[in-house]
Amino acid sequence: MQKTFTYPKFDFVPPPELASGQPGHYPVVVVGAGPVGLSAAIDLAQMGQRVLVLDNDDTVSIGSRGVCYAKRALEVLDRMGCGDKFVQKGVSWDVGRTFFREDEVFSFNLRPQEHHLRPGMVNLQQYYLEEYLLERCKQLPNLEIRFKNNVIAVTPEEEKATLRIETPGGAYGLSADWLIVADGARSPIRTMLGLDIEGKIFMDRFLIADVVMAADYPAERWFWFDPPFHPNQSVLLHKQADNVWRIDFQLG
Ligand SMILES: Cc1cc2nc3c(=O)[nH]c(=O)nc-3n(C[C@H](O)[C@H](O)[C@H](O)COP(=O)(O)OP(=O)(O)OC[C@H]3O[C@@H](n4cnc5c(N)ncnc54)[C@H](O)[C@@H]3O)c2cc1C
């Protein structure tokens, strides 16, 4: 397998609460250093707020996850100071084509006029997005991130939330005026608090294949329904950075 990305390893730094034995208090705590938690933390820090981010992992997201970023997401990345880097590394595209069996049945162009500041869409592997967001975090002195800090309990109180956190150096507590829970789709904290998500879910299985291939095909999104190479299912093709072609096969 050809390697196109080296996952960073972030060190565990013992927090001051472990040495003092006293729970700290913070105006805003964000749980989760994924795209949502990091974006919320950057936005707040840029507005002058002191923010503490806690994440139980020590690297960026593993494997092939989020791929496509639309104009609104690109505007948000610009606001957070990451837009240029993101667009330079990513694969810009405007044209999408849809096929039924072997025939093209539909196509669209998201940027009919050329003078737009940003492309219609940019494809980039999620680990790059997280790396760029983390780089931005480091530039903000009022933003602190603690890796390998696993939030194991949350107690909402009248004016604050109290947290219990497990680390390789031991457990500690802290409280926050505001707690932003960005701990992912399976959200352990939502489960701890007995909360649910309202909305519709789409049950299906997909095989996601990242193929490293230097090829001259256009950077377009291609979507097939019932193609001869995968009958009765759909297939989605996207070009990503580093000549990685992402293919999503619907398995049913
Ligand atoms: C296989 C796969 C394919 C995907 N493909 C796409 C796609 O094509 N397009 C797309 O838009 N999206 C895709 N997604 C979804 C996308 O990855 C998520 O929407 C995105 O990661 C959500 O970001 P987030 O910040 O909300 O959560 P996450 O990225 O899940 O981040 C949550 C963070 O919280 C941390 N955490 C969790 N619990 C705790 C705790 N108790 N204490 C401390 N830290 C904690 C986790 O370690 C993690 O770092 C895919 C996801 C998967 C798994």
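**The ligand, the chain around it, and D183**

Around the ligand there are 24 residues, and those that come nearest are V36, D55, N56, Q126 and R246. The model is a predicted one, and every distance that follows is computed from it. Backbone atoms take part in several of the polar contacts to the ligand: a polar backbone atom of P35 is 3.2 Å from an oxygen atom of the ligand, while for V36 a polar backbone atom is 2.9 Å from a ligand oxygen. A nitrogen atom of the ligand, in turn, has a backbone N or O atom of V151 at 3.0 Å. The ligand taken alone would expose 1000 Å², of which the protein buries 65%.

Turning to the protein chain as a whole, one finds 6 helices and 15 strands, and a C-alpha trace that spans about 65 × 40 × 35 Å along its principal axes. The chain has 252 residues, 43% of which count as buried, and its exposed area is about 14300 Å², with 54% supplied by carbon and sulfur atoms. Where contacts join residues at least 6 apart in sequence, 67% of them link residues at least 24 apart.

One residue that can be followed in detail is D183, which sits in the loop between β11 (170-181) and α6 (188-192). What is the nearest side chain of opposite charge to the buried D183? That side chain belongs to R190, 5.4 Å away, and D183 has no salt bridge, because a salt bridge would need the charged atoms to lie within 4 Å. A polar atom of the D183 side chain does, however, lie 2.9 Å from the backbone nitrogen of I189. Leaving aside residues up to four places away in sequence, D183 touches V31, P188, I189 and R190.

Conventions. Residues are numbered from 1 along each chain as its sequence is written. This is a predicted model: local features need pLDDT of at least 70, side-chain atom pairs count only at pLDDT 80 or more; totals for chains, interfaces and linings use all residues. Side-chain values use heavy atoms; hydrogens and water are left out. Helices (H or I, at least four residues) and strands (E, at least two) are DSSP runs, numbered from the N terminus. Buried means under 20% relative accessible area, exposed over 50%, partly exposed in between (1.4 Å probe, protein chains only). Lys and Arg count as positive and Asp and Glu as negative; His and the chain ends are not counted. A polar contact is a pair of N or O atoms within 3.5 Å; within protein, one must be able to donate a hydrogen and the other to accept it, and residues adjacent in sequence count only if both atoms are side-chain atoms. Contact means heavy atoms within 4.5 Å. A residue is near a molecule or strand if one of its heavy atoms lies within 4 Å of it. Accessible areas come from the Shrake-Rupley method with a 1.4 Å probe; for residues, only the protein chains shown count as cover.
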